[in-house]
Amino acid sequence: AVGLAMRSKPAAEADVAPAGSPEASSVLPAAAPGRPRVVVAPFRNNVAGAEDAWLGGGLSEMLTTDLSRSPGLEVIATQRLEDLAALSGRGSEGSLDRATTTELARWAGADVVVVGSVFRAGGRYRIDAQGYDTRTGAVRIARKVEGTDLFPMVDELTEGLLRGLAAGAGGLPGGDVATTASREAFRRYSRAASLYGAVRYDDAAAELRAALDLDPAFALARERLGLALAAEGKTDEAVAAFDAALATPNRMPDRDRRLAEALRDLYGRGDVDGAIAKLEDLVGSWPDATDAYVWWARALARFKGDRLGATRQLRRAIDRDPNFLPALAELASQLAEIGESAGARSILEDAARRNPGARHDLERLLRRYASGP
């Protein structure tokens, strides 16, 4: 059983955002009753060696993926914390102390933030994790796992966190793990997620293909490959990737499975209305699923000619994550397609000012519109 013992305060009792905080413009709307929000911060990596440098972000990604399979939780992407850290001028989220990380998680609308550390002594790993109530700072759950194989350890940690946060809601669905047993495949997958977020879809696809060479049963990587290919306009290849991922649907979190089904309907079956209905249902269950808004906008603009509706969905994505480059890039692209290159440049220049860490990728996009009116 899954759930959390605490709930967000009613709007009338909610804490007032501190002066200068990004909360007023960036906080997510209230969680649905019975579906508290959890965010996993990047873990502190105390393991030396370049081959293990990925563990801090990789462990948080694995836990986020596994926790997302619980119908009793709404899991916020870790990137949300990093964006809020940048907006608040507090530096890199990975370098922040626990109290500041908890505050950022509260700004993000989370009820609980999971923080942790990973250590290695000889050939054995130890992962420590704690879940903090973002309103009170109290520890709600603490778990420690040890072993030589990280992937079973993460599964054990996930189950422990779910049991510790249990309050009678639905539990983790049965079936295979949602990720992979290959460390190198997961490292490639994590790298691909960063590249996709930077709108480097072709590079993301290359990393995902490398991950799938290492583990052909890695369904979530195959679903993400479909997204990257569809974003590049390679829709036939994308549909093949979605079909392959959906052949083992229990190896994907429900929200990823539903996104794959919607895009397979859109590009493989030509069922535009059905795909849009599935995307609308998806964001109804996961309002922070920013990628789904972007695909909804693409369906409206490219298949329905409804640019106003598309812009509305992109604005919904940007409201939830002002630094989500796929949404910003899509909005800029749609403006450029109707001759508004100046507007496209303005959107990206503003994003570069607010998000210095993404300046290189944003400048690459800006060059597309440099010769426009």
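Q: How many of the 373 residues of the protein chain count as buried, as a percentage?

A: In this predicted model, 53% of the 373 residues of the protein chain count as buried. The chain exposes about 15300 Å², and carbon and sulfur atoms supply 48% of that area.

Q: Which secondary-structure elements does the protein chain hold, and what part of its contacts join residues at least 24 apart?

A: The protein chain has 16 helices and 6 strands. Among contacts between residues at least 6 apart in sequence, 61% join residues at least 24 apart.

Q: How should a nonpolar core be read, and which residues of the largest one touch the most other members?

A: In soluble globular proteins, nonpolar side chains tend to be buried together. Here the largest nonpolar core has 100 residues. Those that touch the most other members are Phe43, Val114, Ile127, Phe218, Leu263 and Trp295. Another core, of 14 residues, lies apart from the largest one; Ile76, Ala85, Trp107 and Val115 are among its members.

Q: Which residues is Leu263 in contact with, leaving aside its neighbours within four places in sequence?

A: With those neighbours set aside, Leu263 is in contact with Leu227, Phe242, Gly268 and Trp295. Of these, Trp295 is also listed with Leu263 among the core residues that touch the most other members.

Q: What span should helix α14 have, and what separates its end C-alpha atoms?

A: The expected span is 1.5 Å times one less than the number of residues in the helix. Helix α14 covers residues 325–337, which is 13 residues, so it should span 18 Å. Its end C-alpha atoms are 18 Å apart, in agreement with that expectation. After α14 comes Gly339, whose phi is positive, near 85°.

Q: How many residues of α14 are buried, and what covers them?

A: Helix α14 is mostly covered, with 10 of its 13 residues buried. The buried residues include Leu325, Leu328, Leu331 and Ala332, but also Glu330, Ser333 and Gln334. Their cover includes α6 (183–197), α7 (201–214), α12 (290–303), α13 (307–320), α15 (341–354) and α16 (359–366).

Q: How should a salt bridge be read, and how many does a search of the whole structure find?

A: Side chains of opposite charge can pair when their charged atoms come close. A search of the whole structure finds 22 salt bridges. One of them joins the side chains of Arg140 and Asp133, at 2.8 Å from N to O. Asp133 is buried, with a relative accessible area of 4%, because buried means under 20%. Arg140, at 36%, is partly exposed.

Q: Which residue forms a salt bridge with Glu237, and where in the chain do the two lie?

A: Glu237 pairs with Arg209, their closest N and O atoms being 3.1 Å apart. The pair links distant parts of the chain, 28 residues apart: Glu237 is in helix α9 (residues 235–246) and Arg209 in helix α7. Both partners are partly exposed, Glu237 with a relative accessible area of 40% and Arg209 with 35%.

Q: What does the salt bridge between Arg264 and Asp243 tie together, and is Arg264 buried or exposed?

A: The closest N and O atoms of Arg264 and Asp243 are 3.5 Å apart. Arg264 lies in helix α10 (residues 254–268) and Asp243 in helix α9, so the bridge ties together parts that are 21 residues apart in sequence. Arg264 is buried, with a relative accessible area of 19%, whereas Asp243 is partly exposed at 38%.

Q: Which residues are joined into one network by salt bridges that share partners?

A: The network consists of Asp254, Arg257, Arg258, Glu261 and Asp281.

Terms used: Residues numbered from 1 in each chain as written. Predicted model: local features only at pLDDT ≥ 70, side-chain atom pairs only at ≥ 80, totals over all residues. Heavy atoms only, no water. Helix = DSSP H or I, 4+ residues; strand = E, 2+ residues; numbered from the N terminus. Buried < 20%, exposed > 50% of the residue type's maximum accessible area, 1.4 Å probe, protein only. Contact = heavy atoms within 4.5 Å. Core = buried A, V, L, I, M, F, W, Y, C linked by side-chain atoms within 4.5 Å. Salt bridge = Lys/Arg side-chain N within 4 Å of Asp/Glu carboxyl O. Areas by Shrake-Rupley, 256 points an atom, 1.4 Å probe, with all protein chains shown as cover.
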